[in-house]
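Got your viewer open and your selection tool ready? Let's take a walk through this one, stop by stop.

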Amino acid sequence: MAQDFWRNSGFHLLDRDAAGRLLITDDFLRAYFLRPEIRPVEESGPAERVLHDSLLAEPRRPVSADEVEAIEDADARFNYRVLLDFRARLAGAETVETCYFGIFDGDVKTPPLFLDQLAQIILRNVLDGVDDPLEARAAELFFREQKASVSDGQIMLADLETVDVHASGGRYGSLGRLIVEAQTPMKAVNLDVLGEENAALYWLRDQRHDLVMGLGYGRPGAAALARVIERWVRHFFGVEVNVAPLRQIQDERWAWHIGLDAESTAVLNDLWRGEDVEPGRVQRLLALFRLQFADPAAMRRDIAGRPVYLALSMDEDHVVRMKPQNLLVNLPLATRS
């Protein structure tokens, strides 16, 4: 039986078109006006309350600049401007996928919170019917920052927000602070490490974000992330790719690469140019992958048949901030040649 998960993502408020893309509904738009940043509080004035009530009743209705200016609280006015701009982008898009992809065509002004939410919703669609909990956990890297711990060659990722809660006096107290400082392996603080033998735990705790994933070469987590990347590319472009974890890049004809985060992009660029890279920067590379197109004709003609190398890194603070849009805008597709 197919598992349901990420029930708070907003996925269930959307419809699908014949191609399996997500159609934006009134209920989905209405949910944005129920967010804490927008929902009126006790101190909210009458103009704000009237506007809010009208948008709940008719979430696509036009809102004039005068109506926003009439909101009594300056922070509320700012929040409405941001949300209404985003609503216009959503409402004007054919699907959630086209909205997300279109955001990166030019200067990105959409708040990261909304980008992450769209990525989660699209991934929930991509993974619908998948029964491997490791893939669902790996997909969280696309929209939730991670804290990395590296010890004795073992790479562990824990949800950054969860770690920060623990470090600030949550469940694990001072032990949580050790995770934040990346001085203690995740197992040492009794966080559950998700593996093949206990993977079913994920379905019980999918919205708690408190399961640690191993990412090193040869670990199930790295293979699961590779499968999610394959599904992500297939969903957006309809092309089949094979993604496999890689120990290192040994390719004299290295032609194309994509950094899955800002740190990896910079390191791969320097390595490709043959520049000397500080050992500390190289050591922050957590995972390498080789992506190959099933049909070389789907690639740019000048590099058709060549592998595309992917990398994921942590920054100096051991934080992993994946940018899944890099896979979309930088993939060497023939249609972009």
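Helices and strands here are DSSP runs, a helix having at least four residues and a strand at least two, with numbering that starts from the N terminus. With that in hand, keep in mind that you're looking at a predicted model.

**Stop 1: a loop between two strands**

Select aspartate 152. You'll find this residue in the loop between strand E3 (146-151) and strand E4 (154-159). Check its backbone: phi is positive, about 55°, although aspartate 152 is not a glycine. Most residues other than glycine have a negative phi. Buried or exposed, then, is aspartate 152? Exposed, because its relative accessibility of 77% is over the 50% cut-off.

**Stop 2: another positive phi**

Now jump to histidine 209, in the loop between helix H10 (201-204) and strand E6 (211-214). Phi of histidine 209 is also positive, near 55°, and this residue isn't glycine either. Its surroundings are another matter: histidine 209 counts as buried, at 13% relative accessibility.

**Stop 3: a longer loop selection**

Go on to aspartate 302, which sits in the loop between strand E9 (285-293) and strand E10 (308-313). At 53% relative accessibility, aspartate 302 counts as exposed. Want a distance to draw? Run one from the C-alpha of aspartate 302 to that of proline 245: the two are 57 residues apart along the chain, and the separation comes to 25 Å.

**Stop 4: the aromatic cluster**

Time to show some rings. How many aromatic pairs does a search of the whole structure find? The count is 16. Start with tyrosine 100 and phenylalanine 104: the ring centres are 5.1 Å apart and the planes meet at 75°, so this pair is edge-to-face. Tyrosine 100 and phenylalanine 104 are both buried.

Next, put phenylalanine 101 and phenylalanine 237 on screen together. Their ring centres lie 5.8 Å apart with the planes at 75°, so this is an edge-to-face pair as well. Phenylalanine 101 belongs to helix H5 (residues 96-103) and phenylalanine 237 to helix H11, so the pair ties together parts 136 residues apart in sequence. Phenylalanine 101 is partly exposed, with a relative accessible area of 28%.

To see the whole group, select Tyr100, Phe101, Phe104, Phe142, Trp232, Phe236 and Phe237, which form one aromatic cluster.

**Stop 5: back along H11**

Stay on helix H11 (residues 220-237) and pick alanine 224. Alanine 224 is buried, and its relative accessible area is 0%. Which residues does alanine 224 contact, leaving aside its neighbours within four places in sequence? Show Leu134, Glu135 and Ala138. For glutamate 135, the C-alpha atom is 4.8 Å from that of alanine 224, though their positions lie 89 residues apart along the chain.

**Stop 6: a tryptophan at the end of H12**

Select tryptophan 272, in helix H12 (residues 262-272). Tryptophan 272 counts as partly exposed, at 46% relative accessibility. Apart from neighbours within four places in sequence, tryptophan 272 is in contact with Trp254, Ala255 and His257. You can also measure from tryptophan 272 to tryptophan 256, 16 residues apart in sequence: C-alpha to C-alpha, they are 8.8 Å apart.

**Stop 7: a charge over a ring**

Bring up arginine 124 and phenylalanine 5. The charged end of arginine 124 sits over the phenylalanine 5 ring, 4.3 Å from its centre.

**Last stop: the largest pocket**

Switch on a surface and centre your view on Asn8, Ser9, Arg35, Gln117 and Gln120, the residues nearest the centre of the largest pocket out of the 18 that line it. The volume of this pocket is about 500 Å³. Two elements give two or more residues to the lining: helix H1 (26-32) and helix H6 (112-126). The largest share, four residues, comes from H6. How do the lining residues divide into nonpolar, polar and charged? Colour them by type and you should get seven nonpolar, seven polar and four charged.

Conventions. Residues are numbered from 1 along each chain as its sequence is written. This is a predicted model: local features need pLDDT of at least 70, side-chain atom pairs count only at pLDDT 80 or more; totals for chains, interfaces and linings use all residues. Side-chain values use heavy atoms; hydrogens and water are left out. Buried means under 20% relative accessible area, exposed over 50%, partly exposed in between (1.4 Å probe, protein chains only). Contact means heavy atoms within 4.5 Å. Rings of Phe, Tyr and Trp (its six-membered ring) pair if their centres lie within 6.5 Å; planes under 30 degrees apart count as stacked, over 60 as edge-to-face and the rest as tilted. A charge sits over a ring if NZ of Lys or CZ of Arg is within 6 Å of the ring centre and within 35 degrees of the ring normal. On a 1 Å grid over the protein atoms alone, a cavity is a set of points where a 1.4 Å probe fits but cannot get out, and a pocket is an open set with protein on both sides within 12 Å along at least five of seven lines; lining residues have an atom within 4 Å of a point. Grid points are joined across faces, edges and corners, and a volume is the space filled by probe spheres set on the points. Ala, Val, Leu, Ile, Met, Phe, Trp, Tyr, Cys and Pro count as nonpolar, Asp, Glu, Lys and Arg as charged, and the others, Gly among them, as polar.
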